[in-house]
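Student: Please take me through one part of this model closely, starting at its surface and then moving inward.

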Amino acid sequence: MNHAYVAEFLGTALLLIGVVGSGIMAENLSGGNVAVALLANAIATGCMLYVIITTLGPISGAHFNPAVTTAFLIRGEIPLSKAGIYIALQIIGGIAGVLACHIIFDLTLFQTSTTARTGSAQWVSEGIATFGLLFVIFGGLKSRPEAVPMLVAIYITGAYWFTSSTSFANPAVTIARSFTDTFAGITPAHAPMFIVVQIGAALVATPVLGWLFRSDQT
């Protein structure tokens, strides 16, 4: 069994457990205070990101995100066949993580979200959030590779607050979150545009950041 593939599946599942599970708990305990719920959700997500990137990064590179895998594919750092398997496992792992949350909190196992997340402001937010995530990853790899887990965790925690979309920045996360009618959900009809923008941002960010952080810069 390929350890990298298992790591991508498991890491993405754990990421969604962090995102969705903390959202459910935050909503249950916040007494209707959305700001408090979002703060708890953001902190828990950042904590989970730090843990899974630190522990699984040496095994698979800790992508856990089709946009990140696409960027590494464009850079020639992962073959197409492996990238395809990574992306499939990220999506399956994300959905598995959501289903696990429903079991943990004794909710209906299979459900779809009714939370509307659409409009130009949120689409622009997703583009900026995804570009920023890749900026953090590739900038971190250039300057301080050992700091990447912390950089990504801090960035996403902050991006929950400075984007109107609450910074999904991840097609696998977007798909998975359409399967939960809880605090972190997104209605399935609104997920495709998020994904288009996220992948589009990766296509733009990869050459731009490749130039910015090239090894021979002076």
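Tutor: Happy to! Helices here are DSSP runs of H or I with at least four residues, while strands are runs of E with at least two, numbered from the N terminus. The model is predicted, with local features needing pLDDT of at least 70 and side-chain atom pairs 80 or more, whereas totals for chains, interfaces and linings use all residues. Residues are numbered from 1 along each chain as its sequence is written, and side-chain values use heavy atoms, without hydrogens or water.

Let's start with Leu 10, which sits in helix H1. Its relative accessibility is 39%, so Leu 10 counts as partly exposed (between buried, under 20%, and exposed, over 50%; 1.4 Å probe, protein chains only). Together with Val 6, Phe 9 and Ile 92, Leu 10 makes up a nonpolar surface patch of about 310 Å² accessible area (nonpolar side chains joined within 5 Å, each residue having over 30% relative accessible area and no salt bridge, that is, no Lys or Arg side-chain nitrogen within 4 Å of an Asp or Glu carboxyl oxygen; areas are by Shrake-Rupley with a 1.4 Å probe). Helix H1 (residues 3–29) gives the largest share of this patch, three residues.

Now compare Gln 90, in helix H4 (residues 80–104). Its relative accessibility is 0%, which means that Gln 90 is buried. Beyond its neighbours within four places in sequence, Gln 90 has contacts (heavy atoms within 4.5 Å) that include Glu 8, Thr 12, His 63, Phe 64, Pro 66 and Ala 172. Gly 127, 37 residues from Gln 90 along the chain, has its C-alpha atom 20 Å from that of Gln 90.

Notes: Patch = residues over 30% accessible without salt bridge, like charges linked within 9 Å, V, L, I, M, F, W, Y side chains within 5 Å.
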